[in-house]
Amino acid sequence: MNAVPAEAVTSHRWLPAYVGVGSNLGEPVSQVRRALESLGRLPRSRLVASSALYRTKPFGEVVQPPFVNAVAGLLTQWTPEELLAALRNLERELGREPPRERWGPRVIDLDLLVVGREERATDTLTLPHGGIAERDFVLYPLADIAPDLDVPRLGRVATLRDRVANRGIERL
């Protein structure tokens, strides 16, 4: 009997992944909906859930318009690094330009939040995404689709949402 190569086994493994979606330029509601539709067309992935859209105050000190945020739930066969690369390519296709300032305005922002129980801390990828526990614009939409998700090292999404400061988030 021949052994199956490890890469053959892992390449067909489906992992849950959650992607934060945000926009505050160029008709943000339309931008977020377009991004969600585009996530549904990613190869080797399936869009299985999307949250309601939320209007949120910008994070950080930069004066800018409010954001529209959502979270997409995917099943994917990609590694976290491959999925992150696909998200960066999708951002460019959707019109994102390199940021001029940290936490500044943007046409579209796709953040890889959680991939299964994976944990990473590299120059290009942190999993779970840093700051999840402090961000209402992530936790409210994430709780719409995965309230019982146990975020590695942080805990259950619904519990995290109940602890985070609500900075005036509005469900659209």
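Which residue forms a salt bridge with Arg156? Select Arg156 and look for Asp148. The two form a salt bridge, and their closest N and O atoms are 2.7 Å apart. Keep in mind that this is a predicted model.

**Stop 1: the salt bridges**

Stay on this pair for a moment. Asp148 is exposed, because its relative accessibility is 54%. Arg156 is partly exposed, at 38%. Side chains of opposite charge can pair when their charged atoms come close.

Next, select Arg13, Glu81, Glu118 and Arg120 together. Salt bridges with shared partners join these four residues into one network. Zoom in on one of its links, Glu118 with Arg120. Here the closest N and O atoms are 2.6 Å apart. Arg120 has a relative accessibility of 22%, so this residue counts as partly exposed.

Now go to Glu82 and Arg44. They form a salt bridge too, with 4.0 Å between the closest N and O atoms. Where do the two partners sit? Glu82 is in helix α3, residues 80-93, while Arg44 is in the loop between α2 (28-39) and β2 (45-50). The pair therefore ties together parts that lie 38 residues apart in sequence. Color both by accessibility. Glu82 is partly exposed at 35%, and Arg44 is partly exposed at 33%. How many salt bridges does the structure hold? The count is 13.

**Stop 2: a nonpolar patch**

Show the surface and select Trp14, Val48 and Leu75. These three form a nonpolar patch there. Together they offer about 260 Å² of accessible area. Click on Leu75, which belongs to strand β4. Is Leu75 buried or partly exposed? Leu75 is partly exposed, with a relative accessible area of 33%.

**Stop 3: a loop residue**

Hide the surface and select Gln64. You are in the loop between β3 (54-56) and β4 (67-76). Although Gln64 lies in a loop, this residue counts as buried, at 14% relative accessibility. The cut-off for buried is under 20%. Add Asn24 to the selection. The side chains of Gln64 and Asn24 make a polar contact at 2.9 Å.

**Stop 4: the aromatic pair**

Select Tyr54 and Tyr140. The structure holds one aromatic pair, and these two residues form it. How are the rings arranged? They are edge-to-face, with 65° between the planes and 6.5 Å from centre to centre. Tyr54 lies in strand β3 and Tyr140 in helix α4, residues 136-145, so the pair ties together parts that are 86 residues apart in sequence. Both tyrosines are buried.

**Stop 5: helix α4**

Tyr140 leads you into its helix. Select all of α4. Eight of its 10 residues are buried, so the helix is largely enclosed by the rest of the structure. Which residues of α4 are buried? They are Asp136, Phe137, Val138, Leu139, Tyr140, Pro141, Leu142 and Ala143. What do they pack against? Turn on the neighboring elements: the buried residues pack against β1 (15-23), β3, β4, β5 (109-115) and α5 (157-163).

Now single out Asp136, which lies in this helix. Asp136 is buried, with a relative accessible area of 1%. Follow its side chain. The side chain of Asp136 reaches the backbone nitrogen of Arg167 at 3.0 Å. Setting aside residues up to four places away in sequence, Asp136 touches Pro141, Val164, Ala165, Asn166, Arg167 and Ile169.

**Stop 6: Leu149**

Move along the chain to Leu149. This residue lies in the loop between α4 and β8 (150-151). Leu149 counts as buried, with 17% relative accessibility. Display its contacts. Beyond its neighbours within four places in sequence, Leu149 is in contact with Tyr18, Val114, Leu142, Gly155, Arg156 and Val157. Two of these names should look familiar. Leu142 is one of the buried residues of α4, and Arg156 is the salt-bridge partner of Asp148.

Last, select Gly116 along with Leu149. How far apart are their C-alpha atoms? They are separated by 9.5 Å, although the residues are 33 residues apart along the chain.

Notes: Residues are numbered from 1 along each chain as its sequence is written. This is a predicted model: local features need pLDDT of at least 70, side-chain atom pairs count only at pLDDT 80 or more; totals for chains, interfaces and linings use all residues. Side-chain values use heavy atoms; hydrogens and water are left out. A salt bridge is a side-chain nitrogen of Lys or Arg within 4 Å of a carboxyl oxygen of Asp or Glu. Helices (H or I, at least four residues) and strands (E, at least two) are DSSP runs, numbered from the N terminus. Buried means under 20% relative accessible area, exposed over 50%, partly exposed in between (1.4 Å probe, protein chains only). A polar contact is a pair of N or O atoms within 3.5 Å; within protein, one must be able to donate a hydrogen and the other to accept it, and residues adjacent in sequence count only if both atoms are side-chain atoms. Patches are made of residues with over 30% relative accessible area and no salt bridge: like charges are joined within 9 Å, nonpolar side chains (Val, Leu, Ile, Met, Phe, Trp, Tyr) within 5 Å. Accessible areas come from the Shrake-Rupley method with a 1.4 Å probe; for residues, only the protein chains shown count as cover. Rings of Phe, Tyr and Trp (its six-membered ring) pair if their centres lie within 6.5 Å; planes under 30 degrees apart count as stacked, over 60 as edge-to-face and the rest as tilted. Contact means heavy atoms within 4.5 Å.
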